Each structure stands twice: as structure tokens, then as C-alpha cells.
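Let us take a walk through this structure together, starting with the sheet and working outwards to the loops. Please keep the model open beside the text as you read.

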Amino acid sequence: MNLFQKVHHRLDVLSSLMWQAHTTRPAMEVVYRDLFVRDIAKLQLDDLYYPVGSAANYSLLYFVTRCFLEFPIRNAIEFGAGQSSVLMSQLNDRLRKEATITTVEHDVLWADIVRAKVNHTVIATDLVPKTIEGHKISYYGGEYFDSSVLYDFVLVDGPPAHKKETTFNRLGAMEVIENNLADSFVIVLDDMQREGEQELSNLIHCKLKQRGCNFGEVSIRGSRPQHAFAAGSFFRAAYF
Ligand SMILES: C[S@@+](CC[C@H](N)C(=O)[O-])C[C@H]1O[C@@H](n2cnc3c(N)ncnc32)[C@H](O)[C@@H]1O
């Protein structure tokens with residue numbers, strides 16, 4: 001490595017550290033953990049969670065739990081199976097909400113593992129090429145959601161979008177948000193430190209504005225950042 005490359009590398013590291021400090025609040029993770037552990041203990045739910053690695057972190061688990069506790073969620077859809085799928089299933093059963101929950105997952109083996117742990121539909125479907133807002137992406141193919149349903153809880157944590165060529169994959173969530181949102185809703189996006197998720201957040205913001213929807217927004221920041229949109233009788237989620 002020559003001197004120029006070394007300086008370039010150091011600047012890259014510095015820039016990534018500064019970005020992380022700007023987008024996350026690692027100290028808040030403990031606060032979200034306490035709230036989550038308190039809430040599931042109150043509901044006498046087993047703590048089955050490992051909120052580490054690429055799984056949902058505590059701020060996301062806190063937010064999902066609070067939404068299920070406070071809102072009469074009827075139709076939930078989640079992109080990317082894992083800890084959050086198990087949590088939504090547990091909450092739905094314990095709170096006797098009888099919400100219809102759909103989890104969409106591209107990895108068949110992982111979908112099988114998660115399906116065995118939940119009491120709702122887990123759809124496994126391949127990623128196929130699509131173009132969304134001018135971006136060529138890979139997104140869930142086939143009829144992965146029910147076009148006759150208006151969803152009131154949308155969690156975007158899939159498909160994978162961590163590599164350069166997959167940056168904008170999650171823009172595919174617009175397929176549901178475009179025409180299948182209920183009047184009262186919460187949309188939550190994970191991994192908001194990334195360019196693709198920020199673009200998705202901007203698109204949703206513009207779409208809701210165009211529609212004349214009265215919505216609120218909130219950023220939830222623990223070891224990873226989320227962003228949520230809320231409207232109608234679920235508006236107060238913008239203060240969670
Ligand atoms: C960012 S993860 C998060 C999924 C989920 N919302 C959660 O709370 O854990 C997204 C993708 O990673 C993959 N994945 C997550 N955990 C995995 C595991 N333990 N083994 C294999 N794949 C996994 C799945 O394909 C999943 O769709």
C-alpha cells in the first residue's frame with residue numbers, strides 16, 4: 001500500500017466511524033432492552049431472543065412490541081424472517097389480537113426454520129429482477145402479498161441489501177405501500193444507516209405527501225437505527 005492508499009484507507013475508516021456515531025445511539029440499546037424485557041415479562045412471554053448480528057436489535061423489538069400492545073393491528077406484513085417474526089407471532093397469540101400476519105422470506109431453508117416457530121404464514125419466494133423508481137433491484141417474486149388486503153403494519157427488514165449491488169433491493173417494499181396501506185398504519189424500516197433504506201424512506205415520505213396523508217415520522221436509534229411512519233389512529237407511534 002502506498003502513502004496515498006494508506007491515507008485514503010484511514011479516511012474511509014474515519015468516515016465510517018463518524019457515520020455510525022451520527023446514525024446510531026449504542027447507549028440507548030440498553031434502555032430499549034429494559035423496556036422490551038419489562039413488556040414481555042409482563043405478558044409472561046418466554047424470552048427466546050438473540051438480538052445480535054443481523055437479527056432485529058432491541059430497539060426494533062421494543063418498537064414492534066409497543067405497536068402490538070397499543071394498536072388494534074389487523075393485517076401485518078413483514079419482509080425478512082427472523083426474531084421479529086417470532087415476536088409478532090408470540091404477541092398476536094398472547095394478546096389474542098387475531099391479526100393476520102404474513103412473513104415473506106427469500107431463503108427457503110430459513111423460511112422453514114422460522115415457519116416452525118410461528119403461528120402465521122411464512123411465504124418463501126425467490127428474488128426476481130424488478131425495476132422500482134428507476135433502480136434495477138432483486139425483489140420477492142410471485143404473489144407474495146394479498147392485493148385485496150390493506151396492511152396496517154409493515155416491517156421492512158428484507159431482502160438482504162448489505163452489498164453494493166443489492167443497495168436498493170428494499171425499494172421493492174413500495175409495491176405494498178403504493179396501493180395496499182390501510183388508513184391507520186405503521187411502517188417501520190430497519191437498517192436506516194444505509195443509502196438504500198434512506199432512499200426508501202424518502203420515497204415513502206413523498207408518496208404519503210402526494211396522497212395528502214396526515215402522517216408522522218420517528219427515528220428510533222439503538223445499536224442500529226430504524227425509521228417509522230404512522231398515520232390515522234396509529235399516529236401516536238410517531239412519538240414512540
Ligand atoms: C436482516 S435479517 C432480519 C430478519 C428479521 N426481521 C429478524 O428480526 O431477525 C434478514 C435476512 O437475513 C437472513 N437471516 C437472518 N438470520 C438468519 C439465520 N440465523 N440463518 C440464516 N439466514 C438468516 C434471512 O434471509 C433474512 O431474511
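In what order do the seven strands of the open sheet follow one another? Reading across, the order is β3-β2-β1-β6-β7-β9-β8, with mixed pairing. The edges belong to β3 (121–124) and β8 (215–221); each has a single partner strand, so one side of each is left without a neighbour in the sheet. Direction ignored, neighbouring strands here are turned by 15° against each other on average. Do bear in mind as you look that this is a predicted model.

Now move in from the β3 edge to β1 and β2. Strand β1 covers residues 75–79 and β2 covers residues 100–105; the two run parallel and are joined by five bridges. You can follow this pairing through individual residues: N75 has T100 as its bridge partner in β2, and F79 stands opposite V104 of β2. Strand β1 is also mostly covered, with four of its five residues buried.

A good next stop is helix α3, which spans residues 58–70. This helix lies across four strands, namely β6 (151–156), β7 (181–189), β8 and β9 (225–231). Compare its direction with that of β9, and you will find α3 running at about 20° to that strand.

Which residues have the most contacts inside the largest nonpolar core? They are V154 and V186, in a core of 54 residues. Helix α3 gives the most to this core, contributing eight residues. To get a feel for the packing, centre your view on V154. Leaving aside neighbours within four places in sequence, V154 is in contact with I77, A173, V176, I177, F185 and I187.

Not every residue of α3 is buried, though, and R66 shows this. R66 sits in helix α3, and it counts as partly exposed because it has 17 C-beta neighbours inside 10 Å. If you would like a distance to check on screen, try R66 and D183: their C-alpha atoms are separated by 19 Å, while the two residues are 117 residues apart along the chain.

Let us turn to the ligand. It is surrounded by 14 residues, and the closest are A56, G80, G82, S84 and D157. Sorted by class, this shell has five nonpolar, six polar and three charged residues.

Some details of the backbone also deserve a look. The peptide bond joining G158 and P159 is cis, with omega at about -5°. P159 is found in the loop between β6 and α6 (174–179).

Two further residues have a positive phi without being glycine. One is Q44, where phi is about 55°; this residue lies in the loop between α2 (28–42) and α3. The other is R96, with phi near 50°, in the loop between α4 (83–94) and β2.

Are these two loop residues buried or exposed? Q44 has 7 other C-beta atoms within 10 Å, so it is exposed. R96 is exposed as well, with 7 other C-beta atoms within 10 Å.

To retrace the route, begin again at the open sheet of seven strands, cross to helix α3 and the strands beneath your view of it, and finish at the 14 residues that surround the ligand.

Conventions:
Residues are numbered from 1 along each chain as its sequence is written. This is a predicted model: local features need pLDDT of at least 70, side-chain atom pairs count only at pLDDT 80 or more; totals for chains, interfaces and linings use all residues. A residue is near a molecule or strand if its C-beta atom, placed from the backbone, lies within 6 Å of it. Ala, Val, Leu, Ile, Met, Phe, Trp, Tyr, Cys and Pro count as nonpolar, Asp, Glu, Lys and Arg as charged, and the others, Gly among them, as polar. Two strands pair if DSSP finds at least two bridges between them. Axes are lines fitted to C-alpha atoms, for helices over the stretch in contact, and angles run from 0 to 180 degrees between N-to-C directions. Two residues are in contact if their C-beta atoms, placed from the backbone, lie within 7 Å. A nonpolar core is a set of buried Ala, Val, Leu, Ile, Met, Phe, Trp, Tyr and Cys residues joined through C-beta atoms within 7 Å. A residue is buried if 20 or more other C-beta atoms lie within 10 Å of its own, exposed if 12 or fewer, and partly exposed in between; C-beta atoms are placed from the backbone.
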